[in-house]
Every structure is written in C-alpha cells, then in structure tokens.
Amino acid sequence: MARVAVIADAHFHDIEGDYDFPGIVVNGRRLTVRTFADTVRSTRVFNESFTALPAALDRIVAMGIRHVVLLGDYTDDGQRGTVASLVRLLAAYRDRHGLNFYATPGNHDVFGPLGKHRDTRYVHAGGGTVLVTSDTEKAAEDPGHPVVTEKMYCDGVPAGIRALGEFGYFRRPGDLLFETPFGADDAPAAREHDLRSADGGTVRRLMDASYLVEPEDGLWLLMIDANVFEPRNGRRDIARKKAFLDSSDAGWNALLRVKPYLLAWIADVAARAARKGKTLLAFSHYPVLDPFEDETDSERALFGETTVAKRTPRPLVAETLAAAGLSLHFSGHLHVEARSCHDAGGRRLVNIAVPSLVAFPAGFVVIGTGDGAPSVETVSLAETPLDDDLLALYRAEQARAGHAPDPALAVRDYGDFLHRHMRALVVHHFLPKEWPADMADMARRMTLADLSRLMADGTPAGSLDTGLLEAIPLLDLVVDWYCLRQSPAAAPAYVAPGRLACYRSLAAHFGDLTPAAEDGPKRFFAIFLGVLGRSLARASR
C-alpha cells in the first residue's frame, strides 16, 4: 500500500533567515519576525510557520511515508529569500530521510510572468517595526528607515517554478511516468499557453506548471496548476502587477474559462487511469467544491461578498470535473478541514479540504492507497511545542502597548494557541470587517439569554436553561461557530459539552436559513443560527 502525505498552506517563513535586515536578537538568535498585532488580525499566524513545517515533516518521517505533496502556498509570500530557505529545508529532508516532494503552486508562491514586489514590516531591536521591501518606490514613501532588498521579491512563472524545480515540477530519474498537459517535454517553453483578457484584446504567454507523475507503480498524482493570471483589458505594463487579475479570488471559477485545455487533459488522464487500473489522486491549491456546503448562500446573505464568498467554487466547477471523470481532489487555500461530495449522473466527486499548518486546526492529511477506495486521515499538530522566544517577544510587545497579556500567550501548545488565535481573529478581523456594524455590536455585548429573548420576542423558550444562557456571552458562540466552520471534526474538542448542547438547542429553536422576518436583528440571527445548526450537523457526521 502506498501512502501520501499532503501539506497545505504551510506559508513557511524563515524567522532565522537573512533578509538583509538585522532583525532582533533574542537569546542569541537573530530573528526576522512580525508583530503579534499583525498575527491577531490575520487569518493565519506568521512566525509559527518556522516550527510548524519541520514538525509536520518530522511526523511524516516517523510514520514511514516517502511521498509528500505540497499543496500550494508553501511559502509566506513567495519572497526569494523565503523560497531559498524552503528549498534548503526540503532538500535536507530529502537527503537525510528519503522524502520525495511534489509541489503545486498557490497564489502566495508566484505571480504572473514577471512576479511582483513584496513588503513586510518586521520587528527591530527597539521593539518597533521597519519596512523591508523589494520596491524602491514604496521605500521612498516610507518615513522611517526602510530596507530595500531583492530577497523580498516574489518571482513569476517560470522563475518561481524553477526555484522549486527539484521538488516535482520537472521530471526526475525515478519517475515511472511524467507528463504535462502538452506532452512529455517538461521544459518551460514547451508548457506555455495563451492567456486572453476578457475582451480578447490582450494575449500573454505563460508556463502552466501542471504535471502528472507516477512515483511508484499504480499511483498517479495529478498536480494541477490552478493559478489563473488573467490579463486585464487594455495595454498595460506587463511588469506591473495590475496588468493581471490576482489569482487569489479566481481559482476554478476562472480556470474553466481561461485554461480550458486543462479540462481536456484531466478527462484524458482520468480515462487512462481507469483503463490501466491506476489510483488517481488529483491536487490543486483551490477547492473544486464548497467546503462549507452552503447551498442556500446563507453566509452571503449574512456577510455579503466576503473573501470566502468570492473564492467559493460555483456548481459548474463540480459538474464539469465530475463529467471529466475526476473522483477525488485535494485542496487548500481556505485553511479549512472538510470533506465535500457532489453526486450527479452516477458520478461522485469528492473534495478533501486539507487544513493549513498555520491556522486552526493545524494538521496535514495522509492518504492510504491499496485495495478499494483510498483512505484519508488527518494528522494533528496540536501538541507541537511553542517557541518560547516568540512568546517572550509577544509579551514584551503587549506590555509596551499597555495591553493586558493575551490569553493566547499563556497556553501550553500550538493547538491551544491557534484556538485562542481564532478568538482574536473574530474580534479584530471578522466582526469589524465582515459583520454589519450593528450586528457586530450585539455580538460583543449580548448573552445567549439576550439572543433567546430577541428571537422569542421577549421570553426565552421554555425548554432552554435560562441560567446557562445568561452565563454564556454571545461572542463565545460566534467564536465557537467560526471554529466549527473551519473544522467540524476538530472544533468540538475545544467546546464544553454543555455549551454544545446549548448551541444545538438555540439552533433547533430559532435557526432558519430562509426566514420570513423582515430585515433586522431577528432575521440576521435566525439565518446565523441556521448556519450554526448546519455546522453542528457536519460535526456530528
């Protein structure tokens, strides 16, 4: 039986790397790190990626697995310095432990044909921050003392692909089969395709990094480059990032239109795999099914056209890929742990959303192949130790700002840290950026008893425990829902059973994904509790 480990969204940043910036010295270590304030406002943690990726690889080695898929966003932001550090790390695990890596790009790893500038504010010795950038123009506008270095530049295609070329993108001596959508030639020039603007007036040539590899007899890994860099209408300087639409929100919705040649290739590969009795596993950075299974568009009704809404694949994606014969696909991008299915015309397409290493709940997936359908197991990194030097830096930062220590800085392991990070993320990101202002205010100040009275027109439902409802802030429910949404499997372990029972009662009493009530708080929270009920049902599967 072959086993394959799948790592999604590692977002690796080398906190001990050389970015032509002196950084900050802690216990003899020179660190290039981001602030805790940056972390609590982001959908991912930054500095912890330095430990998380080696921890995952160590687990993979201990499990005796040799094949490792890197499912996009393997770098922090594609910076040359970060890519170089990642290559050294992967090469060390390959050479010492015999790991074979198979990479597919994400939206953070490469950009267009020529790349783009990246910049980040890193902590300096005085505790403040300095802009470190590859963009001389942006540096000139910064009032501080910015550092300009090419190590922050994110390369395009094929330069950014060549940088990781020894980790799957090109043929290796041990491969039993290697091909691209264009044939057996793996040279970048032989893998170019036309990209057309919406009006058809602008055409650019770009390498497609997709490939099919057979690393051992009977196992086919279909690595799909689902990045879509669509030219904007009009004549634009190709060296500017605004010459192309960003791939982040494009995904498979745009791929169907802009890269149709991939669909014919996928169908051909699926047919050949079936004829030859090969186990076909397909991978791309972007999901092909909605990992939240929001068939009623209730989240869009609540929060509008959020980033998640924009990145959700339309039903046409599943229909097209199922018709092409694809049956099992693994994705990252949304930092979700979930399994979604699409059944139509006697065909089933399954999308496994692989959790990120730098968001709740951190982990990776192991696929087992043999007789019968492949098995899929999630391996948690929750027990990974935290870096004491980073925690000390975060505490010092909070003390300088006059803030009480964040509870995330007093936890025992990585799992608890990421769970606490979800609360900070809700408070500092989701509520202010995605929730209607009046609903966010209610979420911050109400209890579940207040919510029950609102929904029941003043009197809590008789079967609900009013005392328990009074003791639970509505904000706790909101945070727990976001955790359940990200991982129906892992989140319940972080929620007390009594609270879960309370949530189920509220959802059963008042949840309604399509309420008849007029716009207002009651309608909003009826939909929200309906969504909560759906999340709880997924957690019970």
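Helices here are DSSP runs of H or I with at least four residues, numbered from the N terminus. With that in hand, the model, which is a predicted one, can be walked through piece by piece.

**A proline between two helices**

Pro436 sits in the loop that links helix 12 (414–434) and helix 13 (437–445). Its relative accessible area is 29%, so Pro436 counts as partly exposed. Setting aside residues up to four places away in sequence, Pro436 touches Leu302 and Phe524. For a sense of distance, take Val132: it is 304 residues away from Pro436 along the chain, and the two C-alpha atoms are 35 Å apart.

**The sheet that holds Val132**

Val132 brings us to a small topic of its own. Strands 6, 7 and 8 make an open sheet, in the order 6-7-8, with mixed pairing. Strand 6 (119–123) and strand 8 (147–148) are the edges, each pairing on one side only. Strand 7 (residues 129–133) and strand 8 run parallel and share two bridges. One of the residues involved is Val132, whose bridge partner in strand 8 is Val147.

**The seven-stranded sheet**

Now for the other sheet. Seven strands line up as 9-12-13-14-15-17-16 in an open arrangement, and again the pairing is mixed. Its edges are strand 9 (177–179) and strand 16 (338–344), each of which pairs on one side only. On average, neighbouring strands are turned by 20 degrees against each other, direction ignored. Helix 7 (residues 261–276) packs on this sheet and touches strand 9, strand 12, strand 13 and strand 14. The direction of helix 7 makes about 175 degrees with that of strand 13.

Here are some of the pairings in this sheet, with one bridge pair or facing pair for each:

| Strands | Sense | Bridges | Example pair |
|---|---|---|---|
| 12 (residues 211–216) and 13 | antiparallel | four | Tyr211 and Met223 |
| 13 and 14 (residues 279–283) | parallel | five | Leu222 and Ala282 |
| 14 and 15 | parallel | two | Phe283 and Phe330 |
| 15 and 17 | parallel | four | Leu328 and Val350 |
| 16 and 17 (residues 347–353) | antiparallel | seven | Asp343 and Arg348 |

Strand 13 deserves a closer look. Is strand 13 enclosed or open to the outside? Five of its five residues (219–223) are buried, so strand 13 is largely enclosed by the rest of the structure. Both faces are covered: Leu219, Leu221 and Met223 are buried on one side, and Trp220 and Leu222 are buried on the other. On the strand 12 side, the connection is a hairpin with two residues between the strands. Gly218, in that turn, has a positive phi of about 95 degrees.

Strand 15 (residues 328–331) can be read in a similar way. Leu328 and Phe330 point one way from strand 15, His329 and Ser331 point the other way, and all of them are buried. Leu328 has Val350 of strand 17 as its bridge partner, while Phe330 is paired with Phe283.

**An aspartate with a partner**

Asp387 lies in the loop between strand 19 (375–380) and helix 11 (388–400). Which side chain does the side chain of Asp387 make a polar contact with? The partner is the side chain of Arg29, at 3.0 Å. Beyond its neighbours within four places in sequence, Asp387 is in contact with Ile15 as well as Arg29. The relative accessible area of Asp387 is 16%; the cut-off for buried is under 20%, so Asp387 is buried.

**Two crossing helices**

Last, a helix pair. Helix 17 (residues 497–510) and helix 18 (residues 521–539) pack at about 125 degrees, and their axes are 8 Å apart. That angle makes helix 17 oblique to helix 18. The crossing is left-handed. Which residues meet where helix 17 packs against helix 18? From helix 17 come Leu500, Tyr503, Arg504, Leu506, Ala507 and Phe510. Facing them from helix 18 are Ala526, Leu529, Leu532, Gly533 and Leu536.

Key
Residues are numbered from 1 along each chain as its sequence is written. This is a predicted model: local features need pLDDT of at least 70, side-chain atom pairs count only at pLDDT 80 or more; totals for chains, interfaces and linings use all residues. Side-chain values use heavy atoms; hydrogens and water are left out. Buried means under 20% relative accessible area, exposed over 50%, partly exposed in between (1.4 Å probe, protein chains only). A polar contact is a pair of N or O atoms within 3.5 Å; within protein, one must be able to donate a hydrogen and the other to accept it, and residues adjacent in sequence count only if both atoms are side-chain atoms. Contact means heavy atoms within 4.5 Å. Two strands pair if DSSP finds at least two bridges between them. Axes are lines fitted to C-alpha atoms, for helices over the stretch in contact, and angles run from 0 to 180 degrees between N-to-C directions. Angles under 35 degrees count as roughly parallel, over 145 as roughly antiparallel, 65 to 115 as roughly perpendicular and the rest as oblique. A crossing is left-handed if the near helix is turned anticlockwise from the far one by less than a right angle, and right-handed if clockwise.
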